[in-house]
Structures are given as C-alpha cells and as structure tokens.
2 protein chains.
Amino acid sequence: MKAITIKDIAKKCGVGVSTVSRAINNHPDISEETRTMIMEVIKESNFVPNKSARNLKLLDTKTIAVLIKGIDNPFFQNMIKVFEEEIQDRRYSFILHRVDSNQDEIEVALELIKEKRLKGIVFLGGNFSHQEEKLKEINIPFVLSTIAIAGDVDKNLYSSVCVDDKNESEKVVNFLCNQGHTKIAILAAGKSDQSISKLRIQGYRNALIKRNIPINENLIRHINDNENIQIIENGYKLMKELLASGEEFTAVYSISDSMAIGASKAILENGKRIPQDYSIVGFDGLDITYYYNPSITTIRQPVEEMARETTKILFDLINKKTQNQHRVFQGELIERESTSELNR
Amino acid sequence: MKAITIKDIAKKCGVGVSTVSRAINNHPDISEETRTMIMEVIKESNFVPNKSARNLKLLDTKTIAVLIKGIDNPFFQNMIKVFEEEIQDRRYSFILHRVDSNQDEIEVALELIKEKRLKGIVFLGGNFSHQEEKLKEINIPFVLSTIAIAGDVDKNLYSSVCVDDKNESEKVVNFLCNQGHTKIAILAAGKSDQSISKLRIQGYRNALIKRNIPINENLIRHINDNENIQIIENGYKLMKELLASGEEFTAVYSISDSMAIGASKAILENGKRIPQDYSIVGFDGLDITYYYNPSITTIRQPVEEMARETTKILFDLINKKTQNQHRVFQGELIERESTSELNR
DNA sequence: TTGTATGCGTTATCAA
DNA sequence: TTGATAACGCATACAA
C-alpha cells in the first residue's frame, strides 16, 4: 500500500499541488471556497504531509531543540515543562531529543540542525568535555543549561546557565560546620568525573581548608564510574559501605538528592537516627526531599528560573540582541529535619 | 553560510555523488581505497548527511519509535532503557518521542510513520480513548504498553501489554481486608478518568462488595481532573483533606506510589504513625517505595519484563510471526513496613 | 486566485 | 568499481 501524497490530494480535488500546499499552510492567496474543499478531502483521505519532505524543502523552520542527556534525571522534568511553554509562547516548535549517555551530544546536534533546520539548541545535562573546534561547528545559537564545562574553553564560543557548583557546595559544608560538624562525609560521582561532581568536591575541600579542618580522604566516597548519581540505590550502597568501614563521621553531604535518600535509608536501617546520629544534606532540591521522612536539608537549584533564563538567552541570541552570555544562579539552602547541631 | 552537501564532498574528492553515498553507507561495491579517501574528506569538512533527505528517499528504514505520554512518570524510565536495548540488539534504530498530554498520540504516530518510515511503534502511557477508525489508519505494527484502552475496541486491531489493573487493585484491597481493615480510603485520579484509575477503583469496589463491606463513597478521593497522579504533592493534598474531613478510616490505598508518598507525609505531619494509626499501600513498585521511611507496601509491575514482551510482540508482528496479541502480566504484592494488622 | 515546473539532499537504478 | 540521473514529497517562483 503506497502512502498518500499531496499529488493524490491534488488529483482528487482537481487542482494543482501548489493549491493544496497553500491550503495546508494557510496561505492567504487562496479562495476560502477551495481551501475548505481541499481540507475536506484531506480529512477524508487521512492525508498527513511528510515532514521529511517538508524539512528538506524549507530553509527556515522556526524550531528549537532541547538535547537532554540523562532524561531519567528527575531534576530535569520541571525544566522541560518550562522550555516547552516558553518556546511555544514564542511561536516556535519544540523538539525534545534524548541523547544517550555514550553518545556525543554535538554530533547529535549537528545532525539535528541539518535535519530539522533548527534555529537554536539547548543542551541540558551531561559533561560537555568538548574541544573548541567542535563547538565552533555549531553554526546556530545554543545555550548550555546546568552543564559544567570541563577544561578551558573560550567563553565567547557558547552561552550557559547554571549554578556555581563549587560555591554552593562550599555553602553546604559551611552550613554543616556551623552546626559543629567537622567529620563530614561526601558522597560523589565516579572518581573520573570531570563535571559537577568534581566541582562539588572542590567546594567541599575549600570549605574545610578555609576552616583548617583536616580532610579525611576516606570520607570522600565515590560510586563506580559507570554508575549514575541519580540512582537512589547508589547512595544506599555507598552509605552501607561507609558505615561498615568504621570510619567516624557525624554528617553526610550527598551531591545529589537521590543519593541522599538512599544514604538516609542505609542509616535508618543500621538503627541510627537522623539527625541525632548523623546529619544529612542533599543537593538539587527535588520535591521528594520535602516528603521524605525525615525531610531532607538540601540546596535547591532554581530550576524554573534557570530554564526561563536559558530560553531568554537563546532567543536573544537568535534575534541578535546579545552576545554569548553566562548566567550563574544562586542555590537556596533549605534547612529541614535531616540536619541539626552536633552535640558533643 | 550554506550547508555543505554530498555534492560538495563529491566535487572535493573528484568523484560522483553516488560514490560518496556508497562510502557513507558502507556499500560493498566500492574500492577500499576510494572509500577511505572519501571518509577522510568528509571528516575534514565536517560533513553531516541530511537525514530528512535520507528519510525522504528511503522506503525501508529499520527504525522503531516509542511514543511516550507522560515522560515525567518515573515508572517509565526503566522501561525506556529496556526498549532501547532490545531494539538496538535487533539492529534497529530507536526513537523516543514524547507526546504532550493534550496531543493526540495517533496523529503524532501518523506523522512520524511518514517522516521516519517507521517499521513499528510502541505506545507507552496515556489513555487511548480512540475510535477504531483511527486505529486502523496506523498501517504498521504497533503495541500498546501499560495502557488501559477505554471502551469497546476490536482486539484484533491492536496488540497490548499491561497488568490487569482491576484484578491487581482487588489484590491490594483483599490484602488490606485480610489484615482486618474495612474502612479503606482510596486515592485516585480525576473523576472523569476513564483509564487505569477507573479500573483500579473498580477493583477496589469489587473487593469490598465480595466481602460485603459497605462502600463509603466519602473514602473515594479524587484529585482534580487536570492533575497528575505522578505528582507527590497531589497525594499529600488529598490526604490532608481526608484527614481534615474527619472521615474514619484505618488504611489508605493510593493508586500510585507517588501519591502514596505524599499521603504518608501528610499522615506523619499530622502526628499519626504508619502503620500503627494508618496502613498505606501504593501501586507501581517504584524504587522509592523501598527507600521511603517507613518502606511502603506496593504492587510491583514487572516493568522490565513488560517492556521486553512489548518489543518481542512488536518484532513478531513485524516479522509476521504472529497476529495481534494481548499479554497480561501479574503484579507482585510486596509487603513492607507501611501496613500491619489492624488492632481493634 | 491558480497551475506548472524546479529544486531541496539523498539513495538507487542503470549504463559505462 | 564508478558516474549520471531519476525519483522521494513537498514548497515556491513564476507564469497564466
């Protein structure tokens, strides 16, 4: 069974293909009469235009793609909604494209740009340890959102929106120190991570160093390199190991809320109390941290505002109202039940 | 700056376009020599073939699309991984396409079929209250996965994989009854829902009716129609209302784990204990139910196996090894800390 | 207001 | 083993 095309419709209607095309695309230069007639036939015939053909022909497509690495990250879900709203409000169409963890997001972007004639791209998540050369190949506006870029890259080549991971991390550790904690464990990503995990560990170290608190390397715990910090179980396992190790500590800082949940469970299963025996802090500000029992102290990233700013910068770039920009947001430390003063 | 095409590459290499095409697509009838030469030039020039043109020309594309409605549903995340694996194992390419809650998934499917020359489709999530007519328009194999189809539709028109929502729901309520509970509240989706929520409420009713336990309509609580059962907060609010209403009950059955979490928090915030004051059961089998404190009794849907079976049926259909099939999986009741015998 | 013809960038057929 | 050329389905410049 051959697929139905615009030609078939034209034939059925006794008109030319261009007239059908005009009807479909709401062109003004067509009589209302023939338009409705054509649309009628189209509906009857269940005709659906072929987008590939359309994209091939068009050189101007008002569409934005969001390339997301780690679509299972609950942290991104609210951002996606904002992207969709903001983009559609501006009469652009929105494409959400998932990129696999072992795919190169720039390659994917390059393909998509050609295929869909994109006007702009948002890169959401991932490490982005790319060469400048690669970045330069992207010849349309793009913004890196919540991505820590590894290495030295010319800031004029890209725009970005994120929180200052190092600084926010320092904030967390300072908070714990202010409560009297000095033996603070940190649950981090794989050892070879060069992205947010690395930055947050740096913040952890900085905070301790500034207070002359000795750093116990045994309290810096990593999951495996092929594992994900968004998996609750990984925090759970890490904490079980830490507890079993006999290493002394009074507080735990998990670089993700998900692992903080897992860690909490491990602590509770060991018959210990939160926060009386161990204080625990997460990072991200997921909803679940409020609903967990006990509720979990965390750094909330202002995800909606960040998403909004991302699209704003992107459209400013598209409309040539701005050069590449880098916007750094503040996180908000939300104190909850999982942390308390250390009683010595 | 005009985009670079296969013609430019051909010119640069001093060969014809068809030779370049052959090089790109690993055709056998080309000398290794020219192949490497061409690939070299392609790399240097950063040439990326245009997929729209490719899809337009091709009539045989080994690709499967998964159309997912409710991508923020944590329940689907593990399934997606399985789909990707299974599909790629069979040397097909995998497209994950998100469909918005107010979009018609069949329209989207029809567009995608034409655009990408799909070989098969998986519909994941959503209500699917479609006419038979619409279903018939889809002229390639497809499977509905974890979708409750509303109304009477000829089973020969589609394949499906799901759990028996009504039956599993009955299982939950029976379990609570066996523990001595008779005043059981249920937290459900919006009143006008015609999908899983409706079925699970039916199961709830059936279980009670079979035991001659009177049904208190005030214990059947609905969220708003425009709200989502995957949002923790919705369970929280619903439970707050229920507690404030003064209606008596000893157990709560939430039709989603997410709402069960929210409900648990509401109970705990009210100074009540789980399960001593209220038993609570969820549905889905999300990881978080294990990690929550207390851990939550739930019905686990065997998501991985269901995803695997979905792809199996789909490929059997593609390879004409089978007619349309309907596979119903059993859920597994996992008893945890959130439920206990009622002490009167 | 409408129809004809051309080209978008690829792949496949055919001839060389 | 190669190259020229005809589609694929649509939008549009141009002619009518």
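Q: What part of DNA strand D lies 2.8 Å from a polar side-chain atom of S18(B)?

A: A polar contact is a pair of N or O atoms within 3.5 Å, and within protein one atom must be able to donate a hydrogen and the other to accept it, while residues adjacent in sequence count only if both atoms are side-chain atoms. For S18(B), the partner at 2.8 Å is a base nitrogen of DNA strand D. This is a predicted model, in which local features need pLDDT of at least 70 and side-chain atom pairs count only at pLDDT 80 or more, whereas totals for chains, interfaces and linings use all residues. Residues are numbered from 1 along each chain as its sequence is written, chains are lettered from A and ligands numbered from 1 in the order in which they are written, and side-chain values use heavy atoms, with hydrogens and water left out.

Q: Which atoms of DNA strand D do polar side-chain atoms of S21(A) and R54(A) approach?

A: Both approach phosphate oxygens: the distance is 3.0 Å for S21(A) and 2.6 Å for R54(A). The elements giving two or more residues to the surface near DNA strand D are α2 (17-24) and α4 (51-57) of chain A, together with α2 (17-24) and α4 (51-57) of chain B. Helices (H or I, at least four residues) and strands (E, at least two) are DSSP runs, numbered from the N terminus. The largest share of this surface, four residues, is supplied by α2(B).

Q: Which residues come nearest to DNA strand D?

A: A residue is near a strand if one of its heavy atoms lies within 4 Å of it. There are 27 residues around DNA strand D, and those that come nearest are I6(A), R54(A), T19(B), R22(B) and K57(B). On the DNA side, sugar and phosphate make up 57% of the atoms of DNA strand D that come within 4 Å of the protein. By residue class, the surface near this strand holds nine nonpolar, twelve polar and six charged residues, where Ala, Val, Leu, Ile, Met, Phe, Trp, Tyr, Cys and Pro count as nonpolar, Asp, Glu, Lys and Arg as charged, and the others, Gly among them, as polar.

Q: How do the residues of the surface near DNA strand C divide into nonpolar, polar and charged?

A: The surface near DNA strand C divides into ten nonpolar, twelve polar and five charged residues. Of the 27 residues around this strand, T19(A), R22(A), K57(A), I6(B) and K57(B) come nearest. Sugar or phosphate accounts for 58% of the atoms of DNA strand C within 4 Å of the protein, and the rest belong to bases. The largest share of the surface, four residues, comes from α2(A).

Q: Which atoms of DNA strand C lie close to R22(A), K57(A) and G16(A)?

A: Polar side-chain atoms of R22(A) and K57(A) each lie by a base nitrogen of DNA strand C, at 2.7 Å for R22(A) and at 3.0 Å for K57(A). With G16(A), a backbone N or O atom lies 2.8 Å from a phosphate oxygen of DNA strand C.

Q: What rotation superposes chain B on chain A?

A: Copies are superposed by least squares on the C-alpha atoms of residues with pLDDT of at least 70 in both. Here a rotation of 180°, with 0.0 Å of shift along its axis, superposes chain B on chain A with an RMSD of 0.1 Å. The two copies are thus related as by a two-fold rotation axis. S52(B) is the residue of chain B that comes closest to this axis, with its C-alpha at 2.2 Å.

Q: Into which domains is chain A divided?

A: Domain bounds come from an automatic or database domain assignment. Chain A is divided into domain 1 (6-57), domain 2 (63-163 + 302-330) and domain 3 (165-300). Between the C-alpha centres of domain 1 and domain 3 of chain A the distance is 60 Å.

Q: Is E168(B) buried or exposed?

A: Buried means under 20% relative accessible area, exposed over 50%, and partly exposed in between (1.4 Å probe, protein chains only). E168(B) counts as buried because its relative accessibility is 1%. This residue lies in helix α8 (residues 165-178) of chain B, and its side chain reaches the backbone nitrogen of G331(B) at 2.9 Å. F315(B), in helix α13 (residues 303-318) of chain B, is buried at 4%. F315(B) and F142(B) are 173 residues apart in sequence, yet their C-alpha atoms are 9.4 Å apart in space.

Q: How many disulfides does a search of the whole structure find?

A: A disulfide is recognised as a pair of cysteine sulfur atoms within 2.5 Å. The search finds zero over all chains. Among the cysteines, C13(A) counts as buried at 11% relative accessibility, and C177(A) counts as buried at 9%.
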